Amino acid sequence: MSQIKDNIIKFYLKFPDKGDFFPELKDDNSVTILYSNESGFKKGLLLADRVGLQYDFRPVDKKEILSKLEDISEHFDNVEDFGHDEDNSEIEDILSASYQDAPIINLVNQLIVDAVKADASDIHFENGENTFLVKYRIDGVLRTIRTFKKGIHDQVIARIKVMSMLDVAETRKPQDGRINIKVGNRGVDMRVSIIPSIRGEKAVLRILEKTKGLITLENIGMPEHYLKKYREYINRPNGIILVTGPTGSGKTTTLYASLLEIDREEKNIVTIEDPVEYDIDGITQVQVNPVVNLDFASAIRSFLRQDPDVILVGEIRDEETAKAAVQASLTGHLVFSTLHTNDAPTAVARLIDMNVEPFLISSSLQIVIAQRLLRKVCEHCKIEVDLDDNVKELFKEYGIILERAVIGKGCEHCFGTGYKGRTAIFEFLEINDEIRRLINAKSDSEEIAKVAKKYGYKRLIEEGAKLIQNQITTVEEVLAVTKFE
């Protein structure tokens, strides 16, 4: 039956467009043709006649067919002969590509499909000493997935340039582009960056899945007791809401989730980003462009002439941007932005370092959120273990009693890592009257944190401990993302 199935799939993959029918083998002698329209019915009839099996037909929604296509995507890989790519057309649905397409097209398509199915956030194409490597970043960790002969490097990079409409002939300077494709049911945007190196060009594709449905405050991991409070702040008419953390801690995702909570029909929302990651309907999004001197600060000043209600500033990096954001908030606008600080109280000191007057900070700042992404333990291989006395003492300093925790042994579901998926932990610093007095007095971050604790402020490590107690993550993961404490 396996041989019969392989023969049917091989014949099926020769059709240029497979998105409207699918052959489902029932037994050695019969096949059910799933189809979504008349064209799919006719192609299914041709396939069933050619393979010489008994057949019946079943009309289904196209989404079911595309889901079946995803399941057999491993059959798309055809990389025995690496010929030159002569197809410069834009790919709409890479699962509908022909089985007989150029092998390099098949290879790049397959690597993208596999990355999307593995929930990878980035794909890296780079040369090693004697090999060409493909790496995926999954749950924040980079790992080598495939190794090829070095000779295919130029063809793969050229194919990526064609897909992202970059200059194929330019190999000496960095290039940035985008790829918009479909992988079955999934709409995927990819941000492409290509840079020259001593071993040839390196390409990195950032995967931004539009149809994944991750951008809501609930499913980014914000706990209920913070969620209700935060929604009150994002519906205020003015002020600054800051999200802090290092690169890759999910700040931008939290900001997008916040914007999606706001009524885009009644509010004029504008953003300045570097770069624009998600294209959101109903929001005016502007990308930083140094060539024409369009930076964060100049964009904010221009926005104020556009009658905005809400302004998102991708990042406050310098004094000019900080002062422009403060000014916008004080003139009746709600401003969202990010800062690179380890925790929430340090954000105040960072703004003062940028020469923003303390009284302006205390007048405009509403709430500061610090966050980290951490990996969740794999549900398929987690086991409970006793904790080391040193670890118990470490958490006891924060008033947390931990006796046991879980770890992941590693299995096929988690690629042997013991982790599968990610969630976030948050700390909320609300700016009340007492905190404002401390800001005006230029108090340090520790003093601010000490006073904030009286009003319910909890550090990241305390929030992480709750996830350990609920067996969602491991002690090692919490300590890894909060070790600055």
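**Figure 1. Strand 1 and strand 2 pair in the three-stranded sheet of this predicted model**. Six bridges join strand 1 to strand 2 (residues 30–35), and the pairing is antiparallel. Within this pair, Phe 22 sits opposite Leu 34 of strand 2. The sheet is open, and its strand order is 1-2-3. Its pairing is mixed. Strand 1 (21–27) and strand 3 (54–59) are the edge strands, each pairing on one side only. From one strand to the next, the twist averages 25°.

**Figure 2. Six strands make up an open antiparallel sheet**. The strand order is 6-5-4-9-8-7. Which strands stand at the edges? They are strand 6 and strand 7 (175–183). Each has a single partner strand, so one side of each is left without a neighbour in the sheet. Neighbouring strands are turned by 20° against each other on average, direction ignored. Strands of a sheet pair through backbone hydrogen bonds, either parallel or antiparallel.

**Figure 3. Strand 4 pairs with strand 9 in the six-stranded sheet**. Strand 4 covers residues 120–127, and strand 9 covers residues 202–209. The two run antiparallel and are joined by four bridges. Phe 125 stands opposite Ala 203 of strand 9. In the strand order 6-5-4-9-8-7, strand 4 is followed by strand 9.

**Figure 4. Strand 5 and strand 6 form a hairpin**. Strand 5 spans residues 131–138, and strand 6 spans residues 141–149. Their antiparallel pairing runs over eight bridges. Arg 137 has Leu 142 of strand 6 as its bridge partner. How many residues lie between the two strands? There are two, and Asp 139 in this turn has a positive phi of about 55°. Most residues other than glycine have a negative phi, and most peptide bonds are trans.

**Figure 5. Helix 4 lies across the six-stranded sheet**. Helix 4 lies across strand 4, strand 5, strand 6, strand 7, strand 8 (186–195) and strand 9. The helix runs at about 145° to strand 4.

**Figure 6. Helix 4 packs against helix 5**. Helix 4 covers residues 103–117, and helix 5 covers residues 153–163. Their axes are 10 Å apart and meet at an angle of about 75°. That angle makes helix 4 roughly perpendicular to helix 5. On the helix 4 side, the contact is made by Ile 104, Ile 105, Leu 107, Val 108, Asn 109 and Ile 112. Helix 5 contributes Gln 155, Val 156, Arg 159, Ile 160 and Met 163. Eight residues of this contact are nonpolar, two are polar and one is charged.

**Figure 7. The structure holds one cavity of 30 Å³ or more**. What is the volume of the largest cavity? It is about 90 Å³. The lining includes Tyr 226, Lys 229, Phe 428, Leu 429, Glu 430 and Asn 432. Ile 435, Ala 452, Tyr 455, Gly 456 and Tyr 457 also line the cavity. Helix 6 (224–234) and strand 18 (419–430) each supply at least two lining residues. Strand 18 gives the largest share, three residues. By type, the lining divides into seven nonpolar, two polar and two charged residues. Rolling a probe the size of a water molecule over the atoms shows where empty space is left.

**Figure 8. Two loops flank strand 12, one with a cis peptide bond and one with a positive phi**. The cis bond joins Asp 274 and Pro 275, with omega about -5°. Pro 275 is in the loop between strand 11 (269–273) and strand 12 (284–287). Which loop holds Asn 293? Asn 293 is in the loop between strand 12 and helix 8 (296–303). Its phi is near 60°, a positive value in a residue other than glycine.

How values were computed:
Residues are numbered from 1 along each chain as its sequence is written. This is a predicted model: local features need pLDDT of at least 70, side-chain atom pairs count only at pLDDT 80 or more; totals for chains, interfaces and linings use all residues. Side-chain values use heavy atoms; hydrogens and water are left out. Two strands pair if DSSP finds at least two bridges between them. On a 1 Å grid over the protein atoms alone, a cavity is a set of points where a 1.4 Å probe fits but cannot get out, and a pocket is an open set with protein on both sides within 12 Å along at least five of seven lines; lining residues have an atom within 4 Å of a point. Grid points are joined across faces, edges and corners, and a volume is the space filled by probe spheres set on the points. Ala, Val, Leu, Ile, Met, Phe, Trp, Tyr, Cys and Pro count as nonpolar, Asp, Glu, Lys and Arg as charged, and the others, Gly among them, as polar. Axes are lines fitted to C-alpha atoms, for helices over the stretch in contact, and angles run from 0 to 180 degrees between N-to-C directions. Angles under 35 degrees count as roughly parallel, over 145 as roughly antiparallel, 65 to 115 as roughly perpendicular and the rest as oblique. Contact means heavy atoms within 4.5 Å.
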